[in-house]
Amino acid sequence: MNLLACHQTCTMSLMDVVKAKIAIVNDSREILILTRSEMEDTRVGELDLPGGTLDASDIEVVRGAIRETSEELPGIDLDSPIEIGVDAKPNELGQLVMTYIFGATARFPSSGINLSFEHSSAEWIALDEILKLKNRPRRLPTKYRRAIEASHATFDKLISLAPVS
């Protein structure tokens, strides 16, 4: 089985590190972009997508992505995420890091977007503006930006299928 295509059935033991992020799109074709807080010891101030590192209890990457996103955005109600990208590269310790990127629509509590301690702010950025994030001092990591840019049709489909709030 191809390692890049096995996320539905592979277990964590097959890979050194697995990360999963979700690009949440709204009906205005905007993506939710987070800023990492000072409470985090790495990448303070960097732009980010919700999600994170999966653990051994995550039997499927997509379920881990949902769990991680729910921890970072308390009260969120995600619709079924669709995989839009995969990135694989070694980290400084020589471990293989697999990063899966999903797209999804979501509903938030009536109080709005709630953030965990991991992020200090959230902003909606138009799909067409994502490319410009590479030129900002705090840019969105390239692997996230490329997956989003290549998935405009997928986001349009997600928006059309999203339940009406």
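Reader: How much of the contact set with a separation of 6 or more comes from residues 24 or more positions apart?
Author: In this predicted model, such residues account for 67% of the contacts in the chain with a separation of 6 or more.

Reader: And what secondary structure does the chain have?
Author: The chain has three helices and nine strands. Along the sequence, these elements run in the order β-β-β-β-α-β-β-β-β-β-α-α.

Reader: What share of the chain is buried?
Author: Of the 165 residues in the chain, 44% are buried.

Reader: Turning to α1, which of its residues are buried?
Author: They are V61, V62, G64, A65, E68, T69 and E72. These residues lie on the same side of α1, because they cover an arc of only 155 degrees around the axis.

Reader: What covers them?
Author: The cover over the buried residues of α1 includes β1, β2 (30-36), β4, β5 (77-78), β7 (96-104) and β9 (119-126).

Reader: What is the reach of α1 from its first C-alpha to its last?
Author: α1, with twelve residues, reaches 16 Å, close to the 16 Å expected at 1.5 Å a residue.

Reader: Now the pockets. What volume does the largest one have?
Author: The largest pocket has a volume of about 640 Å³. It is lined by 29 residues, of which K19, R43, E46, K143 and Y144 are the closest to its centre.

Reader: Which elements give two or more residues to that lining?
Author: Those elements are β1 (17-24), β3 (47-48), β4 (51-53), α1 (61-72), β6 (82-90) and α2 (142-149).

Reader: And how does the lining divide by class?
Author: The lining of the largest pocket has 15 charged, seven polar and seven nonpolar residues.

Terms used:
Residues are numbered from 1 along each chain as its sequence is written. This is a predicted model: local features need pLDDT of at least 70, side-chain atom pairs count only at pLDDT 80 or more; totals for chains, interfaces and linings use all residues. Side-chain values use heavy atoms; hydrogens and water are left out. On a 1 Å grid over the protein atoms alone, a cavity is a set of points where a 1.4 Å probe fits but cannot get out, and a pocket is an open set with protein on both sides within 12 Å along at least five of seven lines; lining residues have an atom within 4 Å of a point. Grid points are joined across faces, edges and corners, and a volume is the space filled by probe spheres set on the points. Helices (H or I, at least four residues) and strands (E, at least two) are DSSP runs, numbered from the N terminus. Ala, Val, Leu, Ile, Met, Phe, Trp, Tyr, Cys and Pro count as nonpolar, Asp, Glu, Lys and Arg as charged, and the others, Gly among them, as polar. The expected span of a helix is 1.5 Å times one less than its number of residues. Buried means under 20% relative accessible area, exposed over 50%, partly exposed in between (1.4 Å probe, protein chains only). The arc is that of the directions from the helix axis to the C-beta atoms. Contact means heavy atoms within 4.5 Å.
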